Amino acid sequence: MNITQHQGRLEFITSADSLSKIDLAEGVHFSPLAVGAMGAQELATGMATLQPNAILPAHVHPVSEVIIPLSGTIHIFAEGRRYKVGQYDAFHVPAGLSHWIQNDLSNEPVSCFVSFATDQPSRDWVENNFTVKDCFETDSNVAEHLIRFKSASIYELSQGTLFRDLFAGRFGSKGICGGYGIFQPGASLPCHVHEFDESITIVEGAALCQVAGREYPLSNYDTACIPRERPHRFINRSENPMAMLWVYAGDEPDRTELEQCCCEECHPENQHEMKTS
């Protein structure tokens, strides 16, 4: 692998404290975390927030989308099939499938982490002539796919880190895959690279992100977007667990481990404060 091929494109950090808001419908807005205008390639991530009783009307996307509530429970409709989707459950909507979202189960705003298999997400509004039918799980008879967080398989990538794949090509998504990882105090992953861009959002606790000698402290939905083939790793140096939602611009997870010096801070001039987008 030629590690230097993409060194001209650097990582960027999006601070949750400075998110922009794009109104999508009454009581619904979208805040980009990683999109093409910021420097991401072939993926986009963001947060969609719905006020109580708000509805994001029926629409379609030209690419795969995944919706993951960060707290609370919402209704997601796929061609009229209504699902209750709770914290960290992952709902995959394939390209061209009509769907809509409603926050009618909570008296509080509900924010959802969303990801798209494009760096320029778009939508087309469509008519809603569907008959509503309550569903709990998805099966091979429907195009959408729902993975319940509590029943997702758990695996260990390194000591003190546990991961769950929540969407991937094997589950029907095309062009993106991702999931949830939790790091115990002191835990980290080896320095590594991917063949595609990655977006990582810290959803619990605090993390230190090392990227090719630079270090960034992240917490509270801060997001790092790492270009393909750029060495990086995440460390939990706090006294509490740290958790992330990660998304790759590929169908299945892929990583190549490197020597630790490729990630660690080697020179004082390489230490950067967090920059925001």
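Two strands are said to pair if DSSP finds at least two bridges between them. With that criterion in place, I begin with one such pair in this predicted model. Strand S20, residues 206-211, runs antiparallel to S23, and four bridges join the two. Within this pair, Cys 209 stands opposite Phe 234 of S23. S23 itself spans residues 232-235 and is covered on both faces. On one side lie His 232 and Phe 234, on the other Arg 233 and Ile 235, and all of these are buried.

S23 also leads us to the cavities. How many cavities of 30 Å³ or more does the structure hold? There are two. The largest has a volume of about 90 Å³. Its lining comprises 14 residues, and those nearest the centre are Leu 189, His 192, Glu 198, Met 244 and Tyr 248. Three elements give two or more residues to this lining, namely strand S19 (198-204), S23 and strand S24 (242-248). Which of the elements gives the most to the lining? That is S24, with three residues. In terms of residue class, the lining consists of nine nonpolar, three polar and two charged residues.

The second largest cavity holds about 70 Å³ of space. The residues lining this second cavity are Leu 24, Phe 30, Ala 48, Leu 56, His 59, Glu 65, Ile 101, Val 114, Phe 116 and Arg 123. Here the elements that give two or more residues are strand S5 (55-60) and strand S11 (110-116). By class, seven of the lining residues are nonpolar, one is polar and two are charged.

I turn now to the sheet in which S11 takes part. Seven strands form an open sheet with antiparallel pairing, in the order S2-S3-S4-S11-S6-S9-S14. The edges are occupied by strand S2 (22-25) and strand S14 (145-147); each has a single partner strand, so one side of each is left without a neighbour in the sheet. On average, and with direction ignored, neighbouring strands of this sheet are turned by 25° against each other.

Within that order, strand S6 (residues 65-69) and strand S9 (residues 90-93) run antiparallel and are joined by three bridges. Glu 65 has Val 93 in S9 as its bridge partner. Glu 65 also appears in the lining of the second largest cavity.

Next, strand S7, residues 74-78. Is S7 largely enclosed or left open? Five of its five residues are buried, so the strand is largely enclosed by the rest of the structure. Ile 74, Ile 76 and Ala 78 point one way from S7, while His 75 and Phe 77 point the other way. S7 is joined to strand S8 (residues 81-85) by five bridges, in an antiparallel arrangement. S7 also pairs with strand S10 (residues 99-102), again in the antiparallel sense, over four bridges. Ala 78 takes part in both pairings: its bridge partner in S8 is Arg 81, and its partner in S10 is His 99. The hairpin of S7 and S8 has two residues between the strands, and there Glu 79 takes a positive phi near 50°.

Finally, the aromatic residues. A search of the whole structure finds eleven aromatic pairs. One of them is formed by Tyr 88 and Phe 149; this pair is tilted, with 5.3 Å centre to centre and 55° between the planes. Tyr 88 lies in the loop between S8 and S9, and Phe 149 in the loop between S14 and strand S15 (155-156), so the pair ties together parts that are 61 residues apart in sequence. Both Tyr 88 and Phe 149 are buried.

Phe 149 forms an aromatic pair with Tyr 180 as well, edge-to-face, at 4.8 Å centre to centre and 80° between the planes. Since Tyr 180 belongs to strand S17 (residues 177-183) and Phe 149 to the loop between S14 and S15, this contact ties together parts that are 31 residues apart in sequence. The relative accessible area is 12% for Phe 149 and 5% for Tyr 180. Both values count as buried because the cut-off is under 20%.

There is also a cluster, in which ring pairs link Tyr 155, Phe 163, Phe 183, Phe 196, Trp 246 and Tyr 248. Tyr 248 brings us back to the largest cavity, where it is among the residues nearest the centre.

Technical notes. Residues numbered from 1 in each chain as written. Predicted model: local features only at pLDDT ≥ 70, side-chain atom pairs only at ≥ 80, totals over all residues. Heavy atoms only, no water. Buried < 20%, exposed > 50% of the residue type's maximum accessible area, 1.4 Å probe, protein only. 1 Å grid on protein atoms, 1.4 Å probe; cavity = no way out; pocket = protein on both sides within 12 Å on 5 of 7 lines; lining within 4 Å. Points joined across faces, edges and corners; volume = space filled by probe spheres on them. Nonpolar A, V, L, I, M, F, W, Y, C, P; charged D, E, K, R; others polar. Axes fitted to C-alpha atoms, helices over the stretch in contact; angles between N-to-C directions. Phe/Tyr/Trp six-rings, centres within 6.5 Å; stacked < 30°, edge-to-face > 60°.
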